[in-house]
Amino acid sequence: MSDNRLPPASNRLIIAISSRALFDLRESHQVYEEQGVEAFSAYQVERENDVLPKGEAFSLVEKFLQINERLGGAPRVEVILLSRNSADTGLRVFNSIEYYGLNISRAAFCNGGSPYRYIAPFGCHLFLSTDGSDVRRALEQGIAAATLIPGGARQRGDEVLRFAFDGDAVLFSDEAEQIFKREGLAAFTTAERASAKQPLQGGPFKGFLEALQQLQAEFNADDCPIRTALVTARSAPAHERVIRTLRAWNIRIDESIFLGGLPKGEFLRAFGADVFFDDQPNHCASAAEHVATGHVPHGIANVEE
């Protein structure tokens, strides 16, 4: 049955999330890995009325869905559940969704198969998962995607949803980072100074940030429940190209933090990020000690030697 209250997908901000990112399924996943599919299925069915613990992305999803309550009218945001469970074993997941009062009604249960192929048909702008291979495939489709790192989720005290982004290879292409990796900091700084007025190409999260800004525009500036931050290792003089790039894209970032190589974790905690996206595994591991963190396996930092 279709829901006529929903605006077209082009007018909604849609996030796809795996069941293992929304809920803590480590216990049942261990059964699957150690005893196989049949034991896993029996385990889930026997416990289908047992509420699952909250996962890494639960707080993020909860805040995201609250935006519809703030705006009223037709829902402007939606969360799609994507799962490797079968519909039968996935009943526990939906029972938990109902228990927590999350307004999630669309889902794809793939019975052991990868659900990434349904991301584009659902019109999703962002995919969050704990499965790195699914995330890579989503990125190959041109969809913003990240692998959530266990242990970083924190419960924040307010209803403001805060997204933090690294710059190169996340919001922007990795064209500048390639120079840094291959030729060093001096060459990178020289190249960025020379290209200061030339906008960077877009990275995998540019489209998501654009959609997020459109949603922000529906609120008064002093009452917006969404805030964004750029948290980058860049510093002056490499800051100018970033600022001019965002200006050329007509994208506004609420806060921009140029760290010049300092560790990002404490700054992300001070910002109160509900999630931070970075392409470099070492930065992600450090950030995950403070905030929920998604690794974006894109760009030269993720090219296997």
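In this predicted model, strand 9 (residues 275–278), helix 12 (residues 281–287) and strand 10 (residues 293–295) form a β-α-β unit that is right-handed. The two strands of this unit, strand 9 and strand 10, are themselves paired: they run in the parallel sense and share three bridges. Within this pairing, F276 of strand 9 has T293 of strand 10 as its bridge partner.

Strand 9 also pairs with strand 6 (residues 161–165), again in the parallel sense and over three bridges. Here F163 is matched with V275 of strand 9 as its bridge partner.

Attention may now turn to the side chains of strand 9. Are its two faces covered or open? Both are covered: V275 and F277 lie on one side, F276 and D278 lie on the other, and all four residues are buried.

One residue of the first face, F277, leads into the interior of the model. Its contacts, apart from neighbours within four places in sequence, include F163, A164 and F165. They also include L126, L128 and A146, as well as F205, G294 and V296.

F277 belongs to the largest nonpolar core, which has 68 residues. Together with L22, I104, F163, F165, F205 and F208, F277 is among the members that touch the most other members of this core. The element that gives the most to the core is helix 4 (residues 58–71), which supplies six residues. Another core, of 11 residues, lies apart from this one, and F276 is among its members, as are A229, L268 and A273.

Strand 9 thus carries F277, a member of the largest nonpolar core, on one side and F276 on the other, with F276 belonging to the separate core of 11 residues.

How values were computed. Residues numbered from 1 in each chain as written. Predicted model: local features only at pLDDT ≥ 70, side-chain atom pairs only at ≥ 80, totals over all residues. Heavy atoms only, no water. Buried < 20%, exposed > 50% of the residue type's maximum accessible area, 1.4 Å probe, protein only. Pairing = 2+ DSSP bridges. Right-handed = clockwise from strand over helix to strand, strands pointing away. Core = buried A, V, L, I, M, F, W, Y, C linked by side-chain atoms within 4.5 Å. Contact = heavy atoms within 4.5 Å.
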